[in-house]
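Student: I'd like a close look at a single part of this model, with enough of its surroundings to make sense of it. Take me through the helix-to-helix packing and the loops beside it, please.

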Amino acid sequence: MFESLEHGKMLKIFRKKAKMTQEDIADELNITQSCVSKLESGRKVLDLSTFLKWINITNSEMPAAAMLFGMDTVNAVTQLMPMVPMFVGGMFTWML
């Protein structure tokens, strides 16, 4: 599992790429700017709910998955996703 400091670095990168200030993200998450600073510096432990909201607000779902699960897994899933509708559609066609 990632250390708190590494989580903080990820959060800061996601926030900066979304061109948001600490105040902006604090308002969106209904927390204080001080709390955002502590999360980004690793002085406060991030809970899963806040992490999921953070990546959603900053539109960082794919980078977060890549960092958490490794790039190989994300690349494989990304390549397979377009095939899922074809597979499901083919199954329904076969069943009918």
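Tutor: One definition before anything else: a residue counts as exposed when its relative accessible area is over 50%, as buried when that area is under 20%, and as partly exposed in between. Keep in mind, too, that this is a predicted model.

Let's start with the loop between H1 and H2, where Lys-19 is found. Its relative accessible area is 76%, over the 50% cut-off, so Lys-19 counts as exposed. The backbone is worth a look here as well: Lys-19 isn't a glycine, yet its phi is positive, at about 55 degrees. The reason to flag that is simple: most residues other than glycine have a negative phi.

Move along to the loop between H2 and H3 and you'll find Asn-30. This residue also has a positive phi, near 60 degrees, without being a glycine. With a relative accessible area of 71%, Asn-30 is exposed. So each of the two loops next to H2 holds a residue with a positive phi: Lys-19 in the one between H1 and H2, and Asn-30 in the one between H2 and H3.

Now for the packing, which is the part I'd zoom in on. Helix H2 covers residues 22–29, and its axis runs 8 Å from that of H3, at an angle of about 110 degrees. That angle makes H2 roughly perpendicular to H3, because the range for that label is 65 to 115 degrees. On the H2 side, the residues that meet H3 are Gln-22, Glu-23, Ile-25 and Ala-26. Their partners in H3 are Gln-33, Val-36, Ser-37 and Glu-40. Sorted by class, this contact is a mix of three nonpolar, three polar and two charged residues.

Gln-33 is a good residue to click on. Gln-33 lies in helix H3, and it is partly exposed, at 32% relative accessible area. Leaving out residues up to four places away in sequence, Gln-33 touches Gln-22, Glu-23 and Ala-26. With Gln-22 there is a side-chain to side-chain polar contact, at 2.4 Å. Glu-23 is 10 residues from Gln-33 in sequence, and their C-alpha atoms are 5.2 Å apart.

At the end of the same helix, H3 (residues 33–41), sits Ser-41. Ser-41 is partly exposed, with a relative accessible area of 29%. A polar atom of its side chain lies 3.2 Å from the backbone oxygen of Lys-38. Ser-41 also gives you a distance across to Lys-12: the two are 29 residues apart along the chain, with 8.7 Å between their C-alpha atoms.

Which residue of H1 touches both Ile-25 and Glu-40? That's Arg-15, in helix H1 (residues 4–17). Its contacts, not counting residues up to four places away, are Met-20, Thr-21, Gln-22, Ile-25, Glu-40, Trp-54 and Thr-58. Although its class is charged, Arg-15 counts as buried, at 6% relative accessibility.

Ile-25 and Trp-54 turn up again in the largest nonpolar core, which has 15 residues. Together with Leu-11, Phe-14, Leu-39 and Phe-51, they touch the most other members of that core. H1, H2, H3 and helix H4 (48–57) each give two or more residues to it.

Phe-51 leads from that core to another helix pair. Setting aside neighbours within four places, Phe-51 is in contact with Met-10, Leu-11, Phe-14, Leu-46, Ala-64 and Leu-68. In the contact between H4 and H5, Phe-51, Ile-55 and Asn-56 meet Glu-61, Ala-64 and Leu-68. By class, that comes to four nonpolar, one polar and one charged residues. The axes of H4 and helix H5 (residues 61–69) are 8 Å apart, at an angle of about 130 degrees, which makes H4 oblique to H5.

Zooming back out, the protein chain has seven helices and zero strands. Of its 96 residues, 26% count as buried. Among contacts with a separation of 6 or more, 54% come from residues 24 or more positions apart.

Note on methods. Residues are numbered from 1 along each chain as its sequence is written. This is a predicted model: local features need pLDDT of at least 70, side-chain atom pairs count only at pLDDT 80 or more; totals for chains, interfaces and linings use all residues. Side-chain values use heavy atoms; hydrogens and water are left out. Helices (H or I, at least four residues) and strands (E, at least two) are DSSP runs, numbered from the N terminus. Buried means under 20% relative accessible area, exposed over 50%, partly exposed in between (1.4 Å probe, protein chains only). A polar contact is a pair of N or O atoms within 3.5 Å; within protein, one must be able to donate a hydrogen and the other to accept it, and residues adjacent in sequence count only if both atoms are side-chain atoms. Contact means heavy atoms within 4.5 Å. Axes are lines fitted to C-alpha atoms, for helices over the stretch in contact, and angles run from 0 to 180 degrees between N-to-C directions. Angles under 35 degrees count as roughly parallel, over 145 as roughly antiparallel, 65 to 115 as roughly perpendicular and the rest as oblique. A nonpolar core is a set of buried Ala, Val, Leu, Ile, Met, Phe, Trp, Tyr and Cys residues joined through side-chain atoms within 4.5 Å.
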